[in-house]
Each structure stands twice: as structure tokens, then as C-alpha cells.
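Trainee: Could you go through this structure with me, step by step, and explain each term as we meet it?

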Amino acid sequence: KQQAQRLKEQAQRLKQQARRLKQQARRLHQQARCLKQQARLLKQQARRLHQQARCLKQQARLLKQQARRLKQQAQRLKQQARRLHQEARRLKQQARFLKQQAQRLHQQARHQHQQARRLKQQARFLKQQAQRLHQQARHQHQQARRLKQPAQHSKQQ
């Protein structure tokens, strides 16, 4: 009877243990399923990150090329600026030279103008003198004729 009781208790214990193991197995199965899903998500995330890394690499390459192009362009612009600066300096010198030349011509023109005025005055003076001489000559001519007429008249007598 005691043995039967013991066996019965042992059976109950085994039953409880089995129940516990069953629950544990169920929990582990659920945990495994969660881990599997998590693994799948991580795999997708890894794939996305890999793709993103590839895109960034390509973008970096493009930016590097662009930087090289901009550097070349900057050098070209620098050379062009240097050339324009030299040209500007040359034009400035030329302008200074032309200004000096213009001043010289202006002075020369002023001098010629003064000379022309003097010559004009001289011409006027000479003209007046010529007129006076002309009048004087006419007067002398008339006087000579007057003097000549009585002489001719006396000859006729």
C-alpha cells in the first residue's frame, strides 16, 4: 500500500515535471521564433546598409571628380584674372601716355592760336598801311597830273 502511494506520488511528480518541461519547451520554441524573425530583420537591415554604403561610395567618387574640375576651373580663372590685370595695367599706361600727348597738342594748339591772332593783327596793320600808301600814291599821282597840265598849257602857248 505504501509502495503504491509512493509510486502514485512519483507519478504525480513526473507528471508535474513533464508539464514544466512542456511549458519550457513551448517558451523556448516561441523564443526561437522571435530570434528567427529578429535575424531576418537584421539581415534586411544589413542589406539596406550595404546598399547605402555603396551609394555613398559612388557619391564620394562623384564629389571628388567635381572637386578636381572646380580646382582646374579655379586655376583657369586665376590665370585669366592675371592676364586681365596685366592688360588693365597696359591700358592704364597707354591712357596716361595719350593724356600727356593730348595736353601737348592742346598747348601746341593754344600756341598756334596765339600765333594766328598775332599774324591776323599784323595782316590788318599791313592792310591799313597798304591802303594809306595807296591813297598817298593816288594823291601824288593827282598832284603830278595837276603840275603836268600847266606845263603842257605853257608849251602850247
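Mentor: What follows is a set of questions and answers on the chain shown above. This is a predicted model, in which local features need pLDDT of at least 70 and side-chain atom pairs count only at pLDDT 80 or more, while totals for chains, interfaces and linings use all residues. Residues are numbered from 1 along each chain as its sequence is written, and side-chain values use heavy atoms, with hydrogens and water left out.

Trainee: How many helices and how many strands does the protein chain have?

Mentor: Helices (H or I, at least four residues) and strands (E, at least two) are DSSP runs, numbered from the N terminus. Helix H1 covers residues 2–156. By this reckoning, the protein chain has zero strands and one helix.

Trainee: Is the protein chain compact or spread out, and what is its radius of gyration?

Mentor: The C-alpha atoms fill a box of roughly 225 × 20 × 20 Å along the principal axes. The radius of gyration is taken over C-alpha atoms, and the globule rule is 2.2 Å times the number of residues to the power 0.38. For 157 residues that rule gives 15 Å, so the protein chain is more spread out than a compact globule, with a radius of gyration of 65 Å.

Trainee: What percentage of the 157 residues is buried?

Mentor: Relative accessible area decides this: buried means under 20%, exposed over 50%, and partly exposed in between (1.4 Å probe, protein chains only). Lys 99, for example, counts as exposed because its relative accessibility is 57%, and Lys 148 is exposed at 55%. In the protein chain, buried residues make up 0%.

Trainee: Which side chains meet in a salt bridge?

Mentor: A salt bridge is a side-chain nitrogen of Lys or Arg within 4 Å of a carboxyl oxygen of Asp or Glu, and a search of the whole structure finds one. Its two residues are three apart in helix H1, so about one helical turn separates them. With an N to O distance of 2.9 Å, the partners are Arg 90 and Glu 87.

Trainee: How many disulfides does the count come to?

Mentor: A disulfide is a covalent bond between the sulfur atoms of two cysteines, and the rule used here asks for a pair of cysteine sulfur atoms within 2.5 Å. Cys 34 is partly exposed at 46% relative accessible area, and Cys 55 is partly exposed at 47%. By the distance rule, the number of disulfides is zero.
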